[in-house]
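Thanks for coming. I will put the structure up and walk through a few places in it, one at a time.

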Amino acid sequence: MSRFFSEKYSSLVPYTPGEQPQDKKYVKLNTNESPFPVSQAVAKAVEAEAGKLQLYSDPECVQLRKEAAAVFGINDDEIIMTNGSDEVLNFAFMAFADEKNPLRFADITYGFYTVFAELNHIPYKEIPLREDFTIDLNDYLAVNETVVIANPNAPTGLELPLGAIEEIVKSNPDNVVIVDEAYIDFGGQSAVPLTKKYDNLLVTGTFSKSRSMAGARLGFGIGNPKLIADLNTVKYSTNPYNVNRLTAVAGIAALRDNDYYMNNCKIIQQNRARTTAELESLGFTVLPSKTNFVFAKSDKVSGEKLYLALKEKGILIRHFTKERICDYNRITIGTAEQMEIFVSAVKEIVG
Ligand code: PMP
């Protein structure tokens, strides 16, 4: 730390992204990226746009919002586009949480929530999930706090049924409920239709997982036009050109190729079912996942040992050191070939 670093950030513990080692070629199952490339139309659109990079991007993302609105069944004033969904989450924390409206989220969930809360000096409560990592609905009913729920949750992969989400939204009418749907396209039921009914529901999503665009950084928030206007106030006070030209055209082309991406999500779900069955036959406990990853533990080998042994064999998975989940690992679901390599390596290790 330099002697100039502001005191207001000096105790900040930044988010640790999944490792991206460059020493050799790994089978990468550690950051929940898609194993599939973008569609050809997306690649072409990006190439064609390169000649326009001397010009600023459209801060309103007019075309992108229009096409996204059509795909998600909403109006274009009900959506904001951002630099990954991390950015819309940060904007939402800034816009809708403060001392009087503290944040409430699970103890085992997306690690960035605590970081954004700390960054913005917003008080927060981490509510322990039940022993089986499910949410106790009572912890979120009529709490008068700004609730954040990753649904399906990460790193557990578990989904909270839509009916429970609606109860939480309904019982906290004077606070915004943020539902982070980064993994919704892998079998979950989206809360987006509920945004028509409740003015306090913000749903966030991303093109990073189901639409193969993690490297392009494109996320979005969907909610009542007034919520979106507030998020735009924060955006225009932070970074009006938050979605760059290449990403905007890539996003438009991806939305036009929606069938290709949704079919990829089906393949991931099939590979997930096969991987789950294989791991279970090797004695693993695997939580029922609605995402593009599984959360699994073995009685035969510790979470850390398995992670290290797989790394040795050129396979990366995500290990967490937090006490409650250190026996588990999060394994991104890749192609059938990648999962075969993974399963045979696991067999060698636990066999
Ligand atoms: N929410 C959850 C639950 C995630 O796991 C991630 C991915 N790290 C994000 C949001 C943010 O993803 P992105 O910024 O790439 O859209």
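Where does Asn-30 lie? Asn-30 is in the loop between strand 1, residues 27-29, and helix 1, residues 40-49. Before going further, a reminder that this is a predicted model.

Now, is Asn-30 buried or exposed? Its relative accessibility is 0%, and because the buried class covers everything under 20%, Asn-30 counts as buried. The side chain has polar partners there. A polar atom of the Asn-30 side chain lies 2.8 Å from the backbone oxygen of Glu-19. The side chains of Asn-30 and Lys-28 are also joined, by a polar contact of 3.1 Å.

Next, the ligand. Which residues are around it? Reading along the chain, they are Gly-84, Ser-85, Asp-86 and Tyr-110, then Asp-180, Ala-182 and Tyr-183, and finally Thr-206, Ser-208, Lys-209 and Arg-217. By class, this shell divides into three nonpolar, four polar and four charged residues. Helix 3, residues 84-96, supplies three residues of the shell, the largest share.

For those who want distances, here are some contacts. An oxygen atom of the ligand sits 2.7 Å from a backbone N or O atom of Ser-85. For Asp-86, a polar backbone atom is 3.1 Å from an oxygen atom of the ligand. Tyr-110 uses its side chain: a polar atom of that side chain lies 3.2 Å from a nitrogen atom of the ligand. As for cover, the ligand taken alone exposes 400 Å², and the protein buries 91% of that.

One residue of that shell deserves a second look, and that is Arg-217. Arg-217 is in the loop between strand 7 and strand 8. Its phi is near 65°, a positive value in a residue other than glycine. At 28% relative accessibility, Arg-217 counts as partly exposed, because that class runs between 20% and 50%. The accessibility counts only protein chains as cover.

Where else is there a positive phi outside glycine? His-121 has one, with phi near 55°. His-121 is in the loop between helix 4, residues 112-119, and strand 4, residues 124-127. With a relative accessibility of 48%, His-121 is partly exposed.

On to empty space. Rolling a probe the size of a water molecule over the atoms shows where space is left. I will take the second largest pocket. How much space lies in it? About 250 Å³. Its lining has 20 residues, and those nearest the centre are Phe-72, Glu-181, Ile-184, Ser-190 and Val-192. The elements giving two or more residues to this lining are strand 7, residues 201-206, and strand 8, residues 219-222. Strand 7 gives the most, with four residues. By class, the lining of this pocket has nine nonpolar, seven polar and four charged residues.

Now the backbone again, and two prolines. Which peptide bond leading into Pro-152 are we talking about, and what is its geometry? The bond from Asn-151 to Pro-152 is cis, with omega near -5°. Pro-152 is placed in the loop between strand 5, residues 146-150, and helix 5, residues 162-171. The peptide bond from Ala-154 to Pro-155 is cis as well, with omega near 5°. Pro-155 is also found in the loop between strand 5 and helix 5. If you plan to set up a calculation from these coordinates, those are the two omega values I have to report.

Last, a few residues with some exposure. Asp-230 is in helix 6, residues 225-236. How accessible is Asp-230? It is partly exposed, with a relative accessible area of 37%. Asn-144, in the loop between strand 4 and strand 5, counts as partly exposed at 46% relative accessibility. Asn-144 and Asp-230 are 86 residues apart in sequence, and their C-alpha atoms are 20 Å apart in space. From Asp-230 to Ser-57 the C-alpha separation is 21 Å, with their positions 173 residues apart along the chain.

To go back over it briefly: Asn-30 is buried, the protein buries 91% of what the ligand alone exposes, and strand 7 gives the most to the lining of the second largest pocket. That is what I have for today.

Conventions: Residues numbered from 1 in each chain as written. Predicted model: local features only at pLDDT ≥ 70, side-chain atom pairs only at ≥ 80, totals over all residues. Heavy atoms only, no water. Near = heavy atom within 4 Å. Polar contact = N/O pair within 3.5 Å; in protein donor to acceptor, adjacent residues only side chain to side chain. Areas by Shrake-Rupley, 256 points an atom, 1.4 Å probe, with all protein chains shown as cover. Nonpolar A, V, L, I, M, F, W, Y, C, P; charged D, E, K, R; others polar. Buried < 20%, exposed > 50% of the residue type's maximum accessible area, 1.4 Å probe, protein only. 1 Å grid on protein atoms, 1.4 Å probe; cavity = no way out; pocket = protein on both sides within 12 Å on 5 of 7 lines; lining within 4 Å. Points joined across faces, edges and corners; volume = space filled by probe spheres on them.
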